[in-house]
Amino acid sequence: MDEPQEDVIFDQKEQDEEQEQEQEQENSSEIEAGLQSSMELQGVVIAEFNLLSLDSPNAAPKTCEIITTKPYFLIGRSIQCDYRITYKDKYVAEEQASIAYSIEDESYVIRCLAKDNPLFIDGKKVGNDSKLQSGSVIKLGVAVNAPKIRFYIEGHEEVHKVHKRLSDIVDSLERDKEYTLGGDSKHDISISDPSISGMIARITVPAEGNHVVLNKDDNCSVVVSIDGSEVHKNENRILSYQKCLQVGSTFTLLHDVNKFHMPRIPQKCLMSDFIPSPERGNVYTIGKNDEATFHINDEHAPFLLAEIEVPLEGDYFSIRKIGGLDIPVVIDEKTIDADPRNGSRFGVNQILRIGDYWEIRNNHRSLPALKKSLGMKALMTGLITTVIIALVILGTVFVFKKYSSNLQRMINPPNTMQLYQKNIYYIATFDKNSKQSMASGTGFLIAQKDAQEKNIYYVVTCKHVIESWKFEKHRKKDGKIFDEKGVEIAEQHIALWPYNSQVLDPKKSTYLLQNSFNTFGNNTGIGSVKIHRMAEDEYEEVDDFLVHKKNSNGDLAILKISLSDKEKKQEYSEWRIIEETQINVGEEVIVLGYSLGGGRLLNKNGVAKPVVCEGKVSSESKAPDFVELDVNQTNGSSGGPIINKKGKIVGVVSFSDGKKNLVYGIHSKILEELMR
C-alpha cells in the first residue's frame, strides 16, 4: 500500500512545477509584448546632441534626442517645436529649422524650413540641407540680431570657453585712452570665436580711479554683462577692479590691472622757434642726443632718430629717418621709412610728427639763397665798405636820437612791432562746472577815453573764441541751451593774459589764473573781464538745430577789462583803424596771434609771447568783403589783428581755408561800426 502512495505524491510535484513554468512563460510574454508596444509608441533614441544659446551668459545647454518615431528635431518659436526660441523670437519663423540624423554616414543634417529667412552656419549662408560639425554656430535668420545657438556632441567636443585676465593683454592702462573689444585681431582686445564678430564694446580709461568705463556698441547683438548684470546698447557702465565682464556664454574678462600711466602729449612748435634762420647745407638733428635741435627726453629713444637737412636749392627741408624703427616719423599723413640716403620733402605748412614726442609745423615760406664764398680781395673791400657804412649809420642814428624820437622809430621798424606785441592778449575759455579748458584764441587791446579822460580798455576778438558752442549744432529750450546729443551746454568762463605774463605752469601744464583778467570772480586774477558788445548772431538751421554761420562778419566780439588795482595802468601802444575801405592786392601786412595755442606756449616756458608773421593781401577787398591774406598763421590766431606797414589795423583774423594756405579776416570797417 505504501509504494503506490509515494508515486502519487511525486507525480503531483512534477505537475505543480510544470504549471509554474507555464505561468512564468505567459507572464514573460506579456512583459515583452508590453515593452514592444511601449517602444512602438515612444520610439527608440538613435542620436543625441546638445544645443546652447549664445545670447545669454547664464544659458544652460539643452540635451536633444532624435528617435525612430520622429526622425527630426524641430527648432522655432512655435510651442510645437522641440527647441523653442523665446529670446529674440521676432527674428525667427514658427518652424525655422530641423535637425536629422543619417545612420548611413553617422552625420547630423540641418534643414532650413523658412525660405525667406535662411540659416547661417559659422557665419556662412547655407542651402536647404547642410551637415553640422560639433561646435558649429547656427544663426537662425538674416537679421543682425537673430539668435545664435551652438551645436555640439557630448564626448566629441566641449563648448570652448575663454577666460582672460586684462593683465594678460596690457601691463598698464593709459589714462583717457579708448580700447576696443571685438571679434577679430584688429581690436585691442580680441575674442577668437566664430559666434562673435565686429565691434562689441569700447573700454575707456578715466583720468582717475582704478575702474574702466564700458560702452556697448550699437550694432552688437551679443549679450554683454558685468557680473551677471546685462549692459544695454550705448549704455556707459563701470567695470570695477576685480570685476568680471561676460560676452555671450563663452568669453569672460577679469579686470585685474591696477597700474595706470598718463599719455604722452606731443610737444607742438613752429619750425622757426628752433630754427629761426636756416642755412643752406646745414643739418639739424632729432634724437636723444643732448645737442640735438629737437631733443627727445626718453631713455628708450635712439641717440639719432632723424635729420633735417636744408638743401642747396628749393623752399623745402629734407627729412631722413636714421634709426628707431618703432618710432614713426610722419609728414602730414605719410610715414617715412628708415633710409639714411634718401630724404622726404617737408614743405611749408606741412606738419612733421615724431612719434608722440614732437609735432613741428614748417612755417618757413621761403629759405634764404645759398651764400657764395668771396675772395680775399673782395672780402677786404666788403669789410672796409661795411665799416664805413656802419660809421655813417651810427652817426646818423646818434643825431636822430638826440633830436627826434619819432625819426628813430621810422628807421627802426622792428621796435614798432615789439611795441604792438604789448597789445596782444592770449584768451582761453573754461567750462563753468568742471573748470576744464575748452578753447583758446587771440585778442588785441584798443583803449578809449571816458568823460573824465580816463582810459577804458577794450579787447577785440572773435565770437567763436569765447562762445564756440554757437558755431556747433544746438537747440534752445525753456531758457536753456542743449547740444545735438541733448546735453545741456554749461556757461563758460573767460580768461585773458597780457603780453609777457606767465600763462601756464610749464611743469604741470596748468593755467595760472592769478595772472589773468577773468570772469571767475573772488579776486582770482589781476582784474575782471566782461562781454561788452558782440556782433549780431547770424544763425542757419541744420537738421532742426541752430548753427551760427562760421564764415561771417558776425564773428566779432568786444570785451571790457578792468584792473583790480585802480592805481595801476595797463601798458599798451596806441594804434588806429585804417581810413580806407579798399585794400589793394599785394599790400604787405603783419599778423599777430597765438598760433597752436597753449601747446606752443609751453615751448616758451608758458609765457605769453605771440607769433608775428609777415604776409601779403592776395586779392583786392572792399568792406564788407573779407580780407584775403597769404600769411602763415594757424589755429589759435583767431581774433588777432591784421596791421599794415604804417601800423594801422586792417582787419581781424577770423578763419582759414581747409589747407591753411590762405587766411581770411573781417574788414576793420566792420569792427569800427561795431565800436560806435
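Which residue stands opposite Gln 492 in β39? The exercises below lead up to that pairing and then move outward from it.

The structure is a predicted model, in which local features need pLDDT of at least 70 and side-chain atom pairs count only at pLDDT 80 or more, while totals for chains, interfaces and linings use all residues. Residues are numbered from 1 along each chain as its sequence is written, and side-chain values use heavy atoms, with hydrogens and water left out.

**Exercise 1. Place Gln 492 and describe its strand.**

Step 1. Gln 492 belongs to strand β39, residues 492-497, where helices (H or I, at least four residues) and strands (E, at least two) are DSSP runs numbered from the N terminus.

Step 2. With a relative accessibility of 19%, Gln 492 counts as buried, since buried means under 20% relative accessible area, exposed over 50%, and partly exposed in between (1.4 Å probe, protein chains only).

Step 3. The strand β39 is mostly covered, with six of its six residues buried. Gln 492, Ile 494 and Leu 496 point one way from β39, whereas His 493, Ala 495 and Trp 497 point the other way.

Step 4. β34 and β39 pair in the antiparallel sense over six bridges; two strands pair if DSSP finds at least two bridges between them. The residue opposite Gln 492 in β39 is Asp 431, which answers the opening question.

Step 5. β39 is also joined to β42 by two bridges, and these strands run antiparallel; here Ala 495 stands opposite Asn 518 in β42.

Step 6. Leaving out residues up to four places away in sequence, Gln 492 touches Thr 429, Phe 430, Lys 432, Met 438, Ile 466, Glu 467, Ser 468 and Trp 469, a contact being heavy atoms within 4.5 Å.

**Exercise 2. Describe the largest nonpolar core and one of its well-connected residues.**

Step 1. A nonpolar core is a set of buried Ala, Val, Leu, Ile, Met, Phe, Trp, Tyr and Cys residues joined through side-chain atoms within 4.5 Å. The largest one has 48 residues, and those with the most contacts inside it include Leu 496, Ile 561 and Trp 575.

Step 2. The largest share of this core, six residues, comes from β34.

Step 3. When neighbours within four places in sequence are set aside, Ile 561 is in contact with residues including Tyr 425, Leu 496 and Phe 517.

Step 4. As background, nonpolar side chains in soluble globular proteins tend to be buried together.

**Exercise 3. Classify two aromatic pairs and say which parts of the chain they link.**

Step 1. The structure holds 21 aromatic pairs. Rings of Phe, Tyr and Trp (its six-membered ring) pair if their centres lie within 6.5 Å, and planes under 30 degrees apart count as stacked, over 60 as edge-to-face and the rest as tilted.

Step 2. The ring centres of Phe 49 and Phe 73 are 5.4 Å apart and the planes stand at 80°, so this pair is edge-to-face. Phe 49 lies in strand β1 (residues 45-53) and Phe 73 in strand β3 (residues 72-76), so that distant parts of the chain, 24 residues apart, are linked. Both Phe 49 and Phe 73 are buried.

Step 3. For Tyr 425 and Phe 517 the centres are 6.5 Å apart and the planes at 50°, so the pair is tilted. Tyr 425 is in strand β34 (residues 424-431) and Phe 517 in strand β42 (residues 517-518), so this pair ties together parts that are 92 residues apart in sequence. Tyr 425 and Phe 517 are both buried.

Step 4. Ring pairs also link Tyr 426, Phe 430, Trp 497, Tyr 511, Phe 520 and Tyr 594 into a cluster.

**Exercise 4. Give the strand order of an open sheet and explain which strands stand at its edges.**

Step 1. Five strands form an open sheet with mixed pairing, in the order β26-β25-β27-β28-β31.

Step 2. β26 (294-295) and β31 (344-346) are the edge strands, because each has a single partner strand and one side of each is left without a neighbour in the sheet.

Step 3. At one edge, strand β28 (residues 317-321) pairs with β31 in the antiparallel sense over three bridges, and Phe 317 has Phe 346 as its bridge partner in β31.

**Exercise 5. Summarise the chain as a whole.**

Step 1. The chain contains eight helices and 54 strands.

Step 2. Of its 676 residues, 42% are buried.

Step 3. Among contacts between residues at least 6 apart in sequence, 54% join residues at least 24 apart.
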